[in-house]
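Me: I'd like a close look at one part of this complex, namely chain B and the surfaces it makes. Could you walk me through it in one connected answer?

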Amino acid sequence: MSSLAMRPCGDFRTSYRQDNTIFETQTIRWFTILAIAAACFAPLVFDAYYLTLFIQVSYLGIAALGLNILVGFTGQISLGHGAFFGFGAFASAWLNTSFNIPVVFCIPLAGFLTMAVGMMFGMPAARIKGLYLAIATLAAQFIMEDFFARADWFSGGSAGSLAEPISLFGFAFDTDESFYYVALFALVFMFIWGCNLMRSRDGRAFVAVRDHYLSAEIMGVKLNKYRLLSFGISSFYSGIGGALYAHYLGYVSAEGFTIFMSIQFLAMIIIGGLGSIKGTMLGVIFMVLLPEAMESGVGLLKETDIGNSPMLVDGLAYIKEMAIGLVIILFLIFEPEGLAHRWNQIKNYWKCYPFTY
Amino acid sequence: MKLSKLTLATLMSIGALSAAAQAEDKVFVGHLADMSGPTAFVGKEYANGIRDALAYINKNGGIKGTGLEFETIDYAYKVPQAIASYKKWKTRKKMVAMQGWGTADTEALISFVSKDKIPVFSASYSGHLTDPQGKNPHTKKPAPYNFFYGASYSDSCRALAQWAAKDWKTKGGQGQPKFTHIGANHPFPNAPKKACAEYAKELGFDVQPPVVISMKPGDFKAQCLSLKSSGTNYGYIGNLGGSVMSLVKSCNTVGTDVQFMSNIWGGDRMIFEATGEGIKNYIFPTMTPFWDSQASGMELVKAISKMSDANGDKLRPHHYIRGICSTYYMKEAMEWAKDNGGITGANVKKGMYARKDWVPVGLEGVCLPATWTNEDHRGIAEVNIYKGNYNKGDVSIEQVDTVSLERRPEWLGY
């Protein structure tokens, strides 16, 4: 399969190897490589605004992929992902300032610390599931928010915490252009890792736990181990995302990591497509760009003379917020399987064209 | 003849070009506002003040002839949106200064604005924003490009503690009065907690463990009971809006005898009207007089208000007026910059240091005299303290004290 240039009309896979390939066809593989190579030149073409959006997509994307591994692939639920993201941010800043560990090492270390914390909070997952687990993770969210505000030694308490920029061999990645490459590298690395994880024995075990835990157990999949591992990996991803966020901004404040952030992560993976790595990316791009697109739509009206009157601007502000909510609701109604599903349908349409069935 | 026609045409085109260049003589100011997020209760009013002031400045000659281009973005207190808007303004609009809003976005932008040299005038009054050089060990991060109009949360709380100490003596209180911090466990209410508790102790208060109430309105009877059992005499409220209302109501039910004092966002006419009966002798600080004040500068404030309320019917709260002050300090710093090398972020910052005890022209009696220096961004060290009551539909607010705080070096950035 992966040696073909085009997808065949029909399923001709005859081995697990073919079934598990990351890139279905040669064309997809080459397009991906080309896209990543082209992305390397983005700072030459795009201004800081676009780069910021990309950087946002990458750190949020990494964290959202973690949540998708937990929710989409393992069938667990977490309402505390925003807090884990925050923990990663604080942990990286703390490791750097308290122990003088170079930032490049702090980021993965922060991932591991967050993984430990995530597994600690994920322990109830061994016994409870569904709504009960949702509430347990919600508790994690509030416990950690409170911890950020209190633990002066770790997070700087109310004053927040300082995060040095990433530097490598004396070169500081402290501009949007330079940080873009860090973000791009992290994104590609973590997504390839995510893809490979899902092809591995552990990844398949996650899916088995999700699809039918009883059957999985009968097959010899250790439920507790994999549920906990899924929490750990998910937190690792959110920790890495959070650490990137911290070193990009240079400053971390407890205010940002509320339940709203956790819900936003859930929205990203639901819109993108649960249990789909590609979908995670699409969902994150959608959620990052939607407010910006709405803002520029509203901005067009602001350009006019009447558009900048306070009464209208106030109204527009609410229209913007409502429209974002509306789009999300419409998505849930008309595209519950997410953008990834829509993308597959578009591909199928062209594959079978002109025969639509 | 031909030549003269050509010359004429050239001259005309040069003239047209220079006119176009003159028409394009504009600088951009970004304005981040929370009009639909969790702090919209006061955020909207403050934002209206800034927008009206910017529009008024523009309508009346701009910055010595340079037009102000501005854009208000409601970022609903979401940090990523604030960052994206900032980047957009910086790269696309060549922003020279920004009017910001909350603690989260202001802090997230500290490094960017210092690197890009763009002064930010925020409504986050956290003490650590006042230390531009990072001299105080408590200061996590020097904030050389951050300014705000008003006393910091810590300084306002210290002023309230001073007032409370005086009040205790006047009332003939015996022994050590008890002081309690009340607020959500959140950076905004927490900002002055430690600094204020230390000063209260210094003034002779018996500082009680803080009482945590959520930022959202709710039933706070349990917290009121702990205020009652600890025998708190003076309670400093770090929250705003709905939660203040709920607290006052819950404590009235429980029957506490606490003198409530709030931060600058937790006291205004809207709170009294919304809480209604039961809010008694409520103490809060302000940095400007109220709408019905006779101060000469109120004429300009009322003219500015007409930008969005042509009939002049609206009663604007003091947050609105504070937004105007914040904008006008920026305006005058820009004027100074224009005369001294051009309106750039770095020059606007220098403009903020150019004068001492300075009140923007036309706002006499409205904005308090302020001084910013390269080493000290505590613009104001004076706090006016007001007492408010609600009596059968009437809101009465009277000034009870003015506290001038020392500029202690150890308080810088703390």
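Me: Before we get to chain B, what is the mean pLDDT of chain A?

Reply: Happy to take you through it. This is a predicted model, and the mean pLDDT of chain A is 88, with 94% of its residues reaching 70 or more. Within chain A, the element with the lowest mean pLDDT is helix 15 (residues 310-334), at 76, while helix 6 (residues 103-122) of chain A has the highest, at 95. For the complex, the predictor gives an ipTM of 0.76 and a pTM of 0.83.

Now to chain B, starting with confidence. Chain B averages a pLDDT of 89, and 94% of the residues score at least 70. Its elements run from helix 1 (residues 2-23) of chain B, with the lowest mean pLDDT of 51, to strand 4 (residues 120-121) of chain B, with the highest, 96. Over residues 15-23 of chain B, the pLDDT falls below 50, and this stretch has 0 contacts in the model beyond near neighbours in sequence. Where pLDDT is low, the predicted coordinates should not be read in detail.

Next, the domains. The assignment splits chain B into domain 1 (24-151 + 290-381) and domain 2 (154-289 + 382-411), so each domain is written as two segments by the automatic or database assignment. The C-alpha centres of domain 1 of chain B and domain 2 of chain B are 27 Å apart. Where they touch, domain 1 of chain B brings 34 residues and domain 2 of chain B brings 33 residues. Between them, the two domains of chain B bury about 2,800 Å², 62% of it on carbon and sulfur atoms. On the domain 1 side, the residues that lose the most area to domain 2 of chain B are Phe290(B), Arg378(B) and Ala381(B), which together account for 27% of what that side buries.

There are polar links across this contact as well. Domain 1 of chain B and domain 2 of chain B share 2 salt bridges, and the count of residue pairs in polar contact is 8, with both residues at pLDDT 80 or more. On the domain 1 side, the elements giving two or more residues are helix 2 (40-59) and helix 12 (318-339) of chain B. Helix 12 of chain B provides the largest share, 5 residues. By class, the side of domain 1 of chain B that touches domain 2 of chain B has 18 nonpolar, 11 polar and 5 charged residues. Also worth finding in your viewer is the salt bridge in which the side chains of Asp376(B) and Arg407(B) meet, at 3.7 Å from N to O.

Then there is the surface facing the partner chain. Here 44 residues of chain B are in contact with 39 residues of chain A. Chain B and chain A bury about 3,600 Å² between them, with 53% of it on carbon and sulfur atoms. The interface of chain B and chain A holds 3 salt bridges, and 10 residue pairs are in polar contact between the chains, both at pLDDT 80 or more. Several elements of chain B each supply at least two residues to this side: helix 2, strand 2 (67-74), helix 3 (79-92), helix 4 (103-116) and helix 6 (187-190). The largest share, 10 residues, comes from helix 3 of chain B. Sorted by class, the side of chain B that touches chain A has 16 nonpolar, 12 polar and 16 charged residues. For a pair to look at, the side chains of Lys87(B) and Asp176(A) meet in a salt bridge at 2.7 Å, N to O.

Last, a link within chain B. The side chains of Lys90(B) and Asp116(B) form a salt bridge, 3.8 Å from N to O. This pair joins distant parts of the chain, with Lys90(B) in helix 3 of chain B and Asp116(B) in helix 4 of chain B, 26 residues apart. Over all chains, the count comes to 25 salt bridges.

Notes. Residues numbered from 1 in each chain as written. Chains lettered and ligands numbered in written order. Heavy atoms only, no water. Contact = heavy atoms within 4.5 Å. Buried area = accessible area lost by both parts, 1.4 Å probe. Salt bridge = Lys/Arg side-chain N within 4 Å of Asp/Glu carboxyl O. Polar contact = N/O pair within 3.5 Å; in protein donor to acceptor, adjacent residues only side chain to side chain. Helix = DSSP H or I, 4+ residues; strand = E, 2+ residues; numbered from the N terminus. Nonpolar A, V, L, I, M, F, W, Y, C, P; charged D, E, K, R; others polar. pLDDT = per-residue confidence, 0-100.
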